[in-house]
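Q: Please take a close look at one buried charged side chain in this model and describe its surroundings. After that, go on to the rest of its chain and to the contact with the partner chain.

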Amino acid sequence: MSVTYLDAINAALREEMDRDPNVFILGEDVGVMGGAFGATKGLIERFGANRVIDSPLAEGIIVSASIGAAMSGLRPVAEIQFVDFITPAMDAITQQAARLRYRSGGSQTCPLTVRICYGGGTGGGLYHSQTNTTWFAHEPGLVVVAPATTSDAKGMLKASIRQDDPVLYFEHKKLYRLPAVKEDLPKGEDTVADLFHCAIRRPGEDATIVTYGYMLQIALQAAEKVSEESGAKVEVIDLRVLNPLDHETILESVSRTGRLCIVQEDHRTLGIGSEIAATVAERAFDCLDAPIVRVAAPDVPAIPAAEVLENFYMPNVEKVVDALHRVLQY
Amino acid sequence: MATKVKEQVANTGSENNHANPLIGNDKLKQMYVTMLQCRLLEERARNLKKQARFKGHYYAAVGQEAVAVGAGIDLRPEDTVAPSHRDFILNWIKGVPLTAMMSQLYGRSTSPDKGRSAPAHSGYASLNIITPASTIAAQLCIGTGIALANQMKKNDNVVVAFSGEGSTSLGFWHEALNFAGVRNLPIVFVCQNNLWAESVSVKLQTKVEDMSLKAIGYGFPGITVDGNDVIAMYRVAQEAIARARSGGGPTLIEAKTYRWYGHSEIDPAKYRAAEELEEWKAKDPIAAMERYLTGKNLFSEDWKQQIASEFQKKLDAAIEVAEKAPPPEPIECLDYVYSFDIRDRELNRTTYSPQF
């Protein structure tokens, strides 16, 4: 049966909670309501209010309490309803979770998972649309993942829960019910995905696109369009993991194609694309046949609510096609 | 020795029967000895710092020993201590070996965190002491998570989370107390009100006189206690710990005390009046306990000297071990970032070329 990205998240949570009694959920509206988007639907009925905990409206304590519980051997899955509201938990995530193993010389660890809903394109406005993945990709000690497909949504969440590190799991709200990413997932199979490597979603030899999350859909459409228009074969890499970055897959691809276009929904300055571009410039300079191009949101504070402004802000197929033409025709 | 305890609120249904069972002589002496050892340990650490025998900052709790000893002395190894930046002595109270503590000061490879955290910021995993961060009040929030885990595992271990009065100004302090209250967690918050948050007076920190009043807003008992009276501190802490162990939920203890020295060893604390310091030095918790024990015929100067000289010898030996221990290898800077190794990633970066 074909399932949505959201179904996959729900199934991963249910399966991990069935498998391991130490797994529990903590967050706003995760219990009785089943989550703002329904990701935790049915779980409180199955596992009870002691394992699916409706927290006070306080992101700082959601993450902090999860850190403490993880130190005690439990496997908490905290939920941040919108990444726009993650700032009260910044100390907990960056100063505590990211640093605990390091500052204790490996003697204290907090293997928690934080599920974080992010992303624009839904008319959510300034505070329900942000993509602040880069804040966390900058922090050593955190594993930051952003699944772009339904099978990854499930497999990477299961892997995150089992990973002995703090994992931030970014789920794009536009993917939740998107028909284009529905997949047939094998039932009853314990599929745990890799948490360390990029995936090549479309092979090619003329240029490389590197992207993640919902932008993978945009990139694939743009690659197809360019192929139809000019015959150019564009390779599309899904980052999957934003921290630590899998440099080798990207560098190996660029060493074959010689051309790189990075597509990110986050705004341009010091985004993930900056790091990827710098890495390619440092380590594969001789391979480049054209300047690296980034397609990113503009450097404005957040996504405006008015539709025309949001459309201007968001990367889209036309912008990526334009960028690919520039890269290919240099 | 008067026990000045003000019970602000008790609306959790737990009983405060004022039984105050007599504390045995052995326990009284143990508390005195531990306070004295903490004092000697910290004065020695301060001297080592002044002599530049180790680097980094040291945050002494000299003058405040009764709080940590009263709250920490009867904790089990399984109980968690969530220390603040000024709670190095809790390591000794909970049973951390002196060699580990001195290695921590020196940042040696043999230190509990292998040379990472600041000298006074020591944790100890096997005794459930959280390695503290310098970000104030974070440890209270993490402590609630450990208390939540204890509650979920249905064991009777408790968490004692320490902070200063300055921490009560932070949002995190309130998130921790609110969460502990709403989940009825087995945790005791010990607010060490030493009147000064670095250079800022408590009068600029909060409008209330007693920090314990703040517990009312979270629905559990708050108690203010003379933090320089180790017996009062012990009684209040034991009641709170017993309540937490038996499922009665959290307690906020405000211990009024005073730090004799600056925020750290580089702070001459000129913002405080000399008279204030003298007034508090006259309330030295160790001297007060000596007077109390003398009244019970449990104290002599000879006994004190014997304890002191034995402990100094142990300190000498631990310092020697620490000084002889090697520093970490430089490359160890790359370790303990993740559960997996990043040395190869950082050191061996492949360069690509068209011939690749």
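A: In this predicted model, Arg86(B) is buried but has no salt bridge. Glu265(B) is the nearest side chain of opposite charge, and the distance to it is 6.8 Å. A salt bridge here requires a side-chain nitrogen of Lys or Arg within 4 Å of a carboxyl oxygen of Asp or Glu, so the 6.8 Å between Arg86(B) and Glu265(B) does not qualify.

Arg86(B) belongs to the loop that runs between β2 (80-82) and α3 (89-94) of chain B. Which backbone oxygen does the side chain of Arg86(B) reach at 3.1 Å? That oxygen belongs to Ala60(B). A polar atom of the Arg86(B) side chain also lies 2.9 Å from the backbone oxygen of His263(B). Ala60(B) and His263(B) both appear again among the residues in contact with Arg86(B), once neighbours within four places in sequence are set aside. The others on that list are Tyr59(B), Ala61(B), Gln64(B), Asn194(B), Arg259(B) and Gly262(B).

Elsewhere in chain B, helix α9 (residues 285-295) has its own set of buried residues: Pro285(B), Ile286(B), Ala288(B), Met289(B), Glu290(B) and Leu293(B). The cover over these residues includes α1 (25-50), α2 (65-72), α7 (230-245) and α10 (301-324) of chain B. At the start of α9(B), the backbone nitrogen of Ile286(B) has a side-chain oxygen of Asp284(B) within 2.9 Å. Just after α9(B) comes Asn297(B), with a positive phi of about 60°. Asn297(B) sits in the loop between α9 and α10 of chain B, and its relative accessibility of 71% makes it exposed.

Chain A has a residue of similar description. Leu270(A), which is not a glycine, has a positive phi near 55°. Its place is the loop between β13 (260-267) and α10 (272-283) of chain A, and at 68% relative accessibility it counts as exposed. Another backbone feature of chain A is the cis peptide bond from Asn243(A) to Pro244(A), with omega near -10°. Pro244(A) lies in the loop between β12 (241-243) and α9 of chain A.

The two chains meet through 53 residues of chain A and 46 residues of chain B. The area buried between them is about 3900 Å², and carbon and sulfur atoms give 61% of it. Of the area that chain A buries against chain B, 18% comes from Tyr102(A), Arg103(A) and Arg283(A), more than from any other three residues.

How many salt bridges does the rule find across the interface of chain A and chain B? The count is 0. For polar contact, the rule finds 23 residue pairs across the interface, with both residues at pLDDT 80 or more. On the side of chain A that touches chain B, at least two residues each come from β2 (23-27), β3 (52-54), α3 (59-71), α4 (90-97), α5 (100-103) and α9 (247-257) of chain A. With 9 residues, α3(A) gives the largest share of that side. Sorted by class, the side of chain A that touches chain B consists of 24 nonpolar, 17 polar and 12 charged residues.

Note on methods. Residues are numbered from 1 along each chain as its sequence is written. Chains are lettered from A and ligands numbered from 1 in the order in which they are written. This is a predicted model: local features need pLDDT of at least 70, side-chain atom pairs count only at pLDDT 80 or more; totals for chains, interfaces and linings use all residues. Side-chain values use heavy atoms; hydrogens and water are left out. Buried means under 20% relative accessible area, exposed over 50%, partly exposed in between (1.4 Å probe, protein chains only). Helices (H or I, at least four residues) and strands (E, at least two) are DSSP runs, numbered from the N terminus. Contact means heavy atoms within 4.5 Å. A polar contact is a pair of N or O atoms within 3.5 Å; within protein, one must be able to donate a hydrogen and the other to accept it, and residues adjacent in sequence count only if both atoms are side-chain atoms. Lys and Arg count as positive and Asp and Glu as negative; His and the chain ends are not counted. Buried area is the accessible area (1.4 Å probe) that two parts lose on being put together, summed over both. Ala, Val, Leu, Ile, Met, Phe, Trp, Tyr, Cys and Pro count as nonpolar, Asp, Glu, Lys and Arg as charged, and the others, Gly among them, as polar.
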